[in-house]
Amino acid sequence: MPQRTPIEYRDASPQVRAVYDDIKRTRQVEDVNNFWKYLAHDPASLSRTWHSVKEIMTPGTLDALTKEMIYLAVSVTNGCGYCIASHSAAARKAGMSEAMFGEVMAVVGMANETNRLANGYRVPIDPAFD
């Protein structure tokens with residue numbers, strides 16, 4: 001299978017351009033990032049994913065910084081280098097300091113360690129947690 005290349009705006013179908021335009025308008029950026037350009041090979045997935053991200057990552061009960069730090073933590077746990085870079089940048093833009101980043105990484109590391117210990121030992125759930 002040949003290596004995929006990003007679909008740039010000038011080469012995009014009208015359906016893909018509409019999503020790109022919405023991303024640029026919503027995020028107030030001049031161009032979309034590579035994630036969207038590669039996802040554009042499947043316009044239906046591009047559209048569905050963008051609309052879900054746009055809805056979920058909009059501030060609600062949780063503010064934008066909290067959502068970005070959660071996204072960063074999950075990305076670290078899943079080992080997605082692209083998402084770590086993207087959501088670290090977004091969290092910093094939303095106000096995450098280096099100290100906050102350090103605490104998030106400490107929590108991620110500790111949670112992964114204790115999760116694996118609990119799973120490995122097959123620790124039963126305490127009745128108080130039900």
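Leaving aside its neighbours within four places in sequence, which residues is cysteine 83 in contact with? Keep that one in mind while we set up the view.

**Before you start**

This is a predicted model, in which local features need pLDDT of at least 70 and side-chain atom pairs count only at pLDDT 80 or more, while totals for chains, interfaces and linings use all residues. Residues are numbered from 1 along each chain as its sequence is written, and side-chain values use heavy atoms, with hydrogens and water left out.

**Stop 1: cysteine 83**

Select cysteine 83, which you will find in helix α5 (residues 81–93). Helices here are DSSP runs (H or I, at least four residues; strands are E, at least two), numbered from the N terminus. Now show its surroundings: beyond the neighbours within four places, cysteine 83 is in contact with Ser75 and Ser88, where contact means heavy atoms within 4.5 Å. The relative accessibility of cysteine 83 is 19%, so the residue counts as buried. The cut-offs are these: buried is under 20% relative accessible area, exposed is over 50%, and partly exposed lies in between, with a 1.4 Å probe and protein chains only. If you like a distance to draw, try cysteine 83 to alanine 106: their C-alpha atoms are separated by 18 Å, with the two positions 23 residues apart along the chain.

**Stop 2: helix α4**

Next, select residues 64–78, which make up helix α4. Draw a line between its end C-alpha atoms and you should read 21 Å, which agrees with the 21 Å that its 15 residues should span at 1.5 Å a residue. That expected span is 1.5 Å times one less than the number of residues.

Colour the buried residues of α4: Leu65, Lys67, Glu68, Met69, Leu72, Ala73 and Ser75. What do the buried residues of α4 pack against? Helices α3, α5 and α6 are their partners.

Then look at the two ends. At the N-terminal end, aspartate 63 acts as a cap, with a side-chain oxygen 3.1 Å from the backbone nitrogen of leucine 65. Just after α4 comes glycine 79, with a positive phi of about 70°.

**Stop 3: aspartate 22 and its two partners**

Move to helix α1 (residues 14–27) and pick aspartate 22 and arginine 25, which both lie there, 3 residues apart, about one turn of the helix. An α-helix has 3.6 residues a turn, so residues three or four places apart point the same way. Aspartate 22 forms a salt bridge with arginine 25, and their closest N and O atoms are 3.5 Å apart. A salt bridge here is a side-chain nitrogen of Lys or Arg within 4 Å of a carboxyl oxygen of Asp or Glu. Side chains of opposite charge can pair when their charged atoms come close.

Turn on the surface and compare the two: aspartate 22 is buried at 11% relative accessible area, whereas arginine 25 is exposed at 57%.

Now add lysine 54, another salt-bridge partner of aspartate 22, with closest N and O atoms 2.8 Å apart. This pair links distant parts of the chain, since aspartate 22 is in helix α1 and lysine 54 is in helix α3 (residues 43–57), 32 residues away. Lysine 54 is partly exposed, at 30% relative accessible area.

**Stop 4: lysine 37**

Is lysine 37, in helix α2, buried or exposed? At 6% relative accessibility, lysine 37 counts as buried. Show its neighbours beyond four places in sequence, and you will see lysine 37 touching Pro6, Ile7, Glu8, Tyr20, Asp31 and Val32.

One of these deserves a closer look: lysine 37 forms a salt bridge with aspartate 31, the closest N and O atoms being 2.8 Å apart. Aspartate 31 is partly exposed, with a relative accessible area of 39%. Select Glu8 as well, as salt bridges that share partners join Glu8, Asp31 and Lys37 into one network. In total the structure holds 6 salt bridges.

**Stop 5: two positive phi angles**

Finish with the backbone. Glutamine 28, in the loop between α1 and α2 (34–39), has a positive phi of about 55° although it is not a glycine. Glutamine 28 is exposed, at 73% relative accessibility. Then jump to arginine 122, in the segment after α6 (98–121). Its phi is also positive, near 55°, in a residue other than glycine, and arginine 122 is exposed with a relative accessible area of 73%.

Key
Polar contact = N/O pair within 3.5 Å; in protein donor to acceptor, adjacent residues only side chain to side chain.
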